[in-house]
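Visitor: I would love a close look at one single part of this model. Could you pick a helix and walk me through it?

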Amino acid sequence: MSAGYHLAAMGVKTIIFDRWAPAGGPTGRSSAICRAFYTNRFIAQVAHESLEMFGAFDEISGGRDAGFRRTGDLYVLGPEEVAHVQTTAAMLTEIGTAVELLSPSDLGRRHPEMNLDGIAIAALEIDAGYADPVATTQGLFHRAVELGLGPRLYTSRLLIAAGPWTKPLVEQVHVELPLTVERHFVATLGWNQVPALPYVLGDIPGGYYMKPEGSELFLVGPMTSEPQADPDAFSVSVTADEVSRMASAITARIPSLALADARGGWASLYDVSPDWQPVIGEVAPGIFVDAGTSGHGFKLAPALGRHVAALVLGKEVEGIRQFEPGRFETDRLLAAGFGSARIIG
Ligand SMILES: Cc1cc2nc3c(=O)[nH]c(=O)nc-3n(C[C@H](O)[C@H](O)[C@H](O)COP(=O)(O)OP(=O)(O)OC[C@H]3O[C@@H](n4cnc5c(N)ncnc54)[C@H](O)[C@@H]3O)c2cc1C
């Protein structure tokens, strides 16, 4: 959707085909955390650009609202990640993303609600937050229509960015992509008598993330790999065991949240690549893919769409070549994230 928006904004005749409505797929069920705390420099830069776009969404979308809230995102990590976090924070600072590193004692002073077991370092990304995934996607779509998106019968270039359905679509041009599909869920909890915690939390030793959802609720979801699923036959409901797994994980870190009450949740799909980094490139003459965003593609989309649009137009995009689909055939897998939290990217 974002690439379509950017192509329309560049004055390129563009049409978008979607099986459902904009954000009708996994995007509409995204936790929509928007952060730039990435270990891959290109992705970190794109995420930074996206955060700027979220901040100026009304200007770029013709007066629409993406529901973006800046809350800060706090990442807590174990002793094996200290050096990696320090080099990542230095790289992010060069890009312009503000990250504050905290020792366990700093963290304990600022967050007395937290049990510090297993934490050797924390990083606070000040400008991160979350958005409304449906409002964001529909905002870009409606703006693209205003900019000239429209029906055409003929195309010389095709971009396939169909998330979990990309692999079977690309097979129609006899190209195999090593993408898999995982079912990922979020548990919804009510703050109940606990004062709401206003920040997003990525607990790497705990294997989960948490984010506020409006003023009464918060979401908790796993940060590690989950079982594979058939994208056309999977359960969109959460089970009591899944909710209890997330409630136990968050309560181990923030004991006062034992008072929070379970309010259900939902599940959708991640299209996952072997290295948990996106798969972007030309797979056949004039046919491009942008998929495999591995559970971290929502916040990248506003700015990544611009780079992908340029690629589709045949322009050289510095830094994007590393994501070409052919990397898996020659074992050029990219690094991502911290330990099993590869979703951090
Ligand atoms: C529970 C959950 C939580 C998440 N949390 C975050 C988060 O906090 N932050 C973040 O950045 N990312 C998050 N993600 C990941 C993020 O939502 C995805 O990476 C992103 O939404 C993928 O967007 P997409 O445009 O590639 O396509 P998708 O949203 O996967 O949609 C694919 C689209 O392809 C269309 N399609 C399928 N087949 C066809 C066809 N034959 N013809 C035409 N159209 C077709 C579908 O209609 C659909 O609209 C989360 C995902 C889930 C499931």
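Guide: Happily, let us take helix 8, residues 240–253 (helices are DSSP runs of H or I with at least four residues, strands are runs of E with at least two, and both are numbered from the N terminus). Its 14 residues should span 20 Å at 1.5 Å a residue, and the end C-alpha atoms are 20 Å apart, which agrees; the expected span is 1.5 Å times one less than the number of residues. Please keep in mind that this is a predicted model, where local features need pLDDT of at least 70, side-chain atom pairs count only at pLDDT 80 or more, and totals for chains, interfaces and linings use all residues. Residues are numbered from 1 along each chain as its sequence is written.

Now to the inward side: Val243, Met246, Ala249, Ile250 and Arg253 are the buried residues of helix 8 (buried means 20 or more other C-beta atoms within 10 Å of a residue's own, exposed 12 or fewer, partly exposed in between, with C-beta atoms placed from the backbone). Down the helix axis these buried residues fall within an arc of 130°, so they line one face of helix 8; the arc is that of the directions from the helix axis to the C-beta atoms. Turned away from that buried side is the face with the exposed residues Ala240, Asp241 and Ser244.

What do the buried residues of helix 8 pack against? Their partners are strand 8, strand 9 (200–203), strand 10 (208–213), strand 11 (217–222) and strand 12, with contact meaning C-beta atoms, placed from the backbone, within 7 Å. Strand 8 (180–190) and strand 12 (261–272) also each give two or more residues to the shell around the ligand, and strand 12 gives the most, with three residues.

Notes: Two residues are in contact if their C-beta atoms, placed from the backbone, lie within 7 Å.
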